[in-house]
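The following exercises concern a ligand site and a helix pair. Please work through each task before reading its solution.

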Amino acid sequence: MNYARFLTAVSAARKPSPIRILTDIQQRSPPSMISLAAGAPNPNTFPFHSCSFQVKNGDMITFDETMMKRALQYSASSGIPELLTWMKALQKYLHNPPTANSAEKGQMDMCVTTGSQEGLCKVFEMLVNPGDNVLLDAPTYSGTLAALQPLGCNLINVPSDQHGMIPDGLKEVLSRWDPADVHKPHSTVPRVLYTIPNGGNPTGASMITQRKRDIYELARQYDLLIIEDDPYYFLQFDKPWAPTFLSMDVDGRIIRTDSFSKILSSGLRIGFVTGPKPLVDRVVLHIQASTMHTSTFPQLMVSQLLHGWGQEGFLNHWHTPAAGMFLWIKVKGVADTQKLIMEKAMEKEVGTHTQSILYPTGPPVLWAPPQLTHTLTKLIQPV
Ligand SMILES: Cc1ncc(COP(=O)(O)O)c(C=O)c1O
């Protein structure tokens, strides 16, 4: 693919920062290397010595003095190597992208971003010029609109329903243009399509597999890039999880944003951009010139957690019932759920069981049919 035709003038003008390149080299060098190049401060002067965190499963994540110095220091703009390596292996395992092992220009690459929002914002800046036609499903995530609207593009809504964007609707929208005009100078044919394929915000819609295939084919016909914004991928309730656009990407036209906000922490601000190397490189150049890198500290924290868990531990981190009528809720900060149920819940005409009734010596636990959990959550909050 000719990626140059997708870049805005601003993105195309970005050049690597010599200082950032040195930081990258330094990060990959032995710790004994003395760098007089990039302006890295002496971490011996920083006030923090070491730290440890207890994971809910009882494991400990410990930053000894050496690790702490690294956590507090500048690091590479694309992300710390061990986190990137772990995430690349996960992407290959989950999506088996056709571009993962290709030696072609569109080979899959990744970078760490400060939440997926940073990735999205930088991807839009890389691809969208004032006056460009951008395709998306409506309504869509307000953070996307906040990033796109100031770029002065025309947002073209593609019809969608509970199964996501409708391929025939997209075909109809695209029929305003001739695919033969796509590569002509000053063509107004859209070059970018944005979609949230799972648990859409705010619609909750999830795109079915055949629609993804049909939309990918239309993208090939009109030489579109697809931005697959998928922060809810890991929150799909039905198994097996739906195949992603990335898994179908034979050409290298998918830019995927992933987020750990919904499953590990939103405050740590860890997200990822996955896509063809020439485009990921452009995002990294923008990072070099703006935030320089996502904070090293949370990257190391998440990396240690993931290496400790392994892929299986990570994928088993949350549990949703596959069947039945019941949900088991552990109520934190409430010493006696019996009182909560017998007084507060009954007052609001909500009936349920507590483990204190079933097992009087156990921890405080509520046991309720799923249709009551929303009501229960409301009850529990003010306690
Ligand atoms: C669809 C969608 N994309 C991206 C984001 C940004 O997430 P974060 O920057 O925390 O990774 C959100 C957050 O709610 C979202 O709903």
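**Exercise 1.** Which atom of the ligand does a polar side-chain atom of R269 lie 2.8 Å from?

*Solution.* The model is predicted, with local features requiring pLDDT of at least 70 and side-chain atom pairs pLDDT 80 or more, whereas totals for chains, interfaces and linings use all residues. Residues are numbered from 1 along each chain as its sequence is written, and side-chain values use heavy atoms, leaving out hydrogens and water.

Step 1. The partner of R269 is an oxygen atom of the ligand, at 2.8 Å; a polar contact is a pair of N or O atoms within 3.5 Å.

Step 2. The protein covers 91% of the 400 Å² of accessible area (Shrake-Rupley method, 1.4 Å probe) that the ligand has on its own.

**Exercise 2.** Identify the side chains that approach the ligand, and describe the shell.

*Solution.* Step 1. Of the 14 residues around the ligand (a heavy atom within 4 Å), D229, Y232, S259, S261 and K262 come nearest.

Step 2. The side chain of D229 places an N or O atom 2.7 Å from a ligand nitrogen. For S261, a side-chain N or O atom is 2.6 Å from a ligand oxygen.

Step 3. Helix 5 (residues 115-127) contributes the most to the shell, with four residues; helices are DSSP runs (H or I, at least four residues) numbered from the N terminus.

**Exercise 3.** Determine how helix 4 and helix 10 are oriented.

*Solution.* Step 1. Helix 4 (residues 81-95) and helix 10 (residues 296-315) pack at about 30°, with axes 9 Å apart; axes are lines fitted to C-alpha atoms over the stretch in contact, and angles run from 0 to 180 degrees between N-to-C directions.

Step 2. Helix 4 is therefore roughly parallel to helix 10, a term for angles under 35 degrees.

Terms used: A polar contact is a pair of N or O atoms within 3.5 Å; within protein, one must be able to donate a hydrogen and the other to accept it, and residues adjacent in sequence count only if both atoms are side-chain atoms. Helices (H or I, at least four residues) and strands (E, at least two) are DSSP runs, numbered from the N terminus. Angles under 35 degrees count as roughly parallel, over 145 as roughly antiparallel, 65 to 115 as roughly perpendicular and the rest as oblique.
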